[in-house]
Amino acid sequence: MNEVELIARLLPSLARGAGVLTGPGDDCAVLDVGIPGKRLLFKTDAVVEGIHFEKGTAGERVGHKALARCLSDVAAMAGTPTHAVVTLALPERFDPEYVDAIYSGLNRLANRYDVGIVGGETTANPERLLISVALIGTVAPERLVLRSGAASGDALFVTGELGGSMEGKHLDFEPRLREAQWLAHHAPIRAMIDLSDGLASDLRHLLGQSGCGAELLTSAVPLSPAARRNTARESARKPPLLAALTDGEDFELLFAVPARDAVRVLDGWKKVFPEVRLSCIGKVTAQPGIFLRDKDGTRPFTAHGYVHFSKPG
Ligand SMILES: [Mg+2]
């Protein structure tokens with residue numbers, strides 16, 4: 001059973017509370033807790049030694065990644081993160097200085113975005129280190145962006161460059177919070193998601209929620225230097241385009257805007273974020289599925305991104 005199947009199995013029986021505007025299935029839950037003019041965003045995520053980082057990785061980078069993953073999900077809703085709690089599961093013999101370093105990474109990133117770390121829990125985990133972060137944030141209802149609003153004919157954009165993140169970027173990436181805030185104020189975004197499982201997989205999530213398909217122009221997909229070098233563990237033996245389409249942990253933003261606004265969004269972006277690439281990679285289609293277009297024509301794309309615990313069993 002893989003992650004997707006497990007989630008599908010658990011979802012129908014989940015307890016439902018009051019004030020839930022968007023439950024499981026988007027980057028964050030969206031809640032109405034009675035704050036006038038604001039919606040609450042709620043998210044949790046975990047990093048596990050041996051899966052999300054290798055043993056021996058600098059503690060600062062591990063702490064940074066643990067929080068940055070949650071911040072990236074708040075960015076995907078065009079929200080502002082506010083408070084986090086951190087659960088640390090430690091092996092029996094741990095080095096307190098390593099834990100200090102993890103918190104140094106957590107605190108530095110939290111301070112940069114005015115996020116308070118307001119509690120947590122430490123517990124034991126004999127085998128390996130695990131860090132779980134739960135985060136809340138807020139968004140004005142009129143700025144909130146879900147995965148579900150894309151429409152046929154929309155232009156699809158992606159920030160940054162894709163593929164080969166496991167070579168290093170996955171530990172040091174900057175969540176696209178400022179960019180998402182700017183987009184929410186200056187672009188009529190219809191749908192957005194952050195790229196954690198790979199462009200193909202996350203695009204499929206956005207399209208699934210929106211009830212559409214997409215056609216990608218292969219020459220427009222921004223390849224990272226790591227994807228071009230093709231040396232990262234996860235990218236090994238993949239052609240650069242396939243690495244950009246299927247490697248996980250890019251933590252860039254993928255979003256849809258009406259085609260008539262595409263040029264205006266690109267022009268505005270270049271002035272505000274000259275150092276961050278923004279690429280129009282294709283369009284949303286009424287026909288379901290993902291199709292790749294290049295000089296030879298159009299063909300369906302079926303490979304998926306990274307799926308957690310996909311081994312049989
Ligand atoms: Mg996400």
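This passage looks at the salt bridges and one of the pockets of a predicted model.

Salt bridges are a good place to start, and a search of the whole structure finds 21 of them. One joins the side chains of glutamate 167 and arginine 229, with a distance of 2.4 Å from N to O. The partners come from distant parts of the chain, 62 residues apart. Glutamate 167 sits in the loop between β7 (155-159) and α4 (169-172), whereas arginine 229 belongs to helix α7 (residues 225-229). Glutamate 167 has a relative accessibility of 35%, so it counts as partly exposed, a class that lies between under 20% for buried and over 50% for exposed.

A second pair brings together the side chains of lysine 238 and aspartate 247, at 2.7 Å from N to O. Here, both lysine 238 and aspartate 247 are buried.

A third salt bridge links the side chains of arginine 299 and aspartate 294, at 2.8 Å from N to O. Arginine 299 is partly exposed, with a relative accessible area of 38%, and aspartate 294 is partly exposed as well, with 25%. Elsewhere, salt bridges with shared partners connect Asp45, Lys65, Arg69 and Glu249 into one network.

Attention now turns to empty space. Rolling a probe the size of a water molecule over the atoms reveals where such space is left. The second largest pocket has a volume of about 220 Å³. It is lined by 13 residues, and those closest to its centre are Glu49, Lys55, Pro91, Tyr98 and Leu129. Sorted by class, the lining of this pocket holds six nonpolar, one polar and six charged residues.

Key
Residues numbered from 1 in each chain as written. Predicted model: local features only at pLDDT ≥ 70, side-chain atom pairs only at ≥ 80, totals over all residues. Heavy atoms only, no water. 1 Å grid on protein atoms, 1.4 Å probe; cavity = no way out; pocket = protein on both sides within 12 Å on 5 of 7 lines; lining within 4 Å. Points joined across faces, edges and corners; volume = space filled by probe spheres on them. Nonpolar A, V, L, I, M, F, W, Y, C, P; charged D, E, K, R; others polar. Salt bridge = Lys/Arg side-chain N within 4 Å of Asp/Glu carboxyl O. Helix = DSSP H or I, 4+ residues; strand = E, 2+ residues; numbered from the N terminus. Buried < 20%, exposed > 50% of the residue type's maximum accessible area, 1.4 Å probe, protein only.
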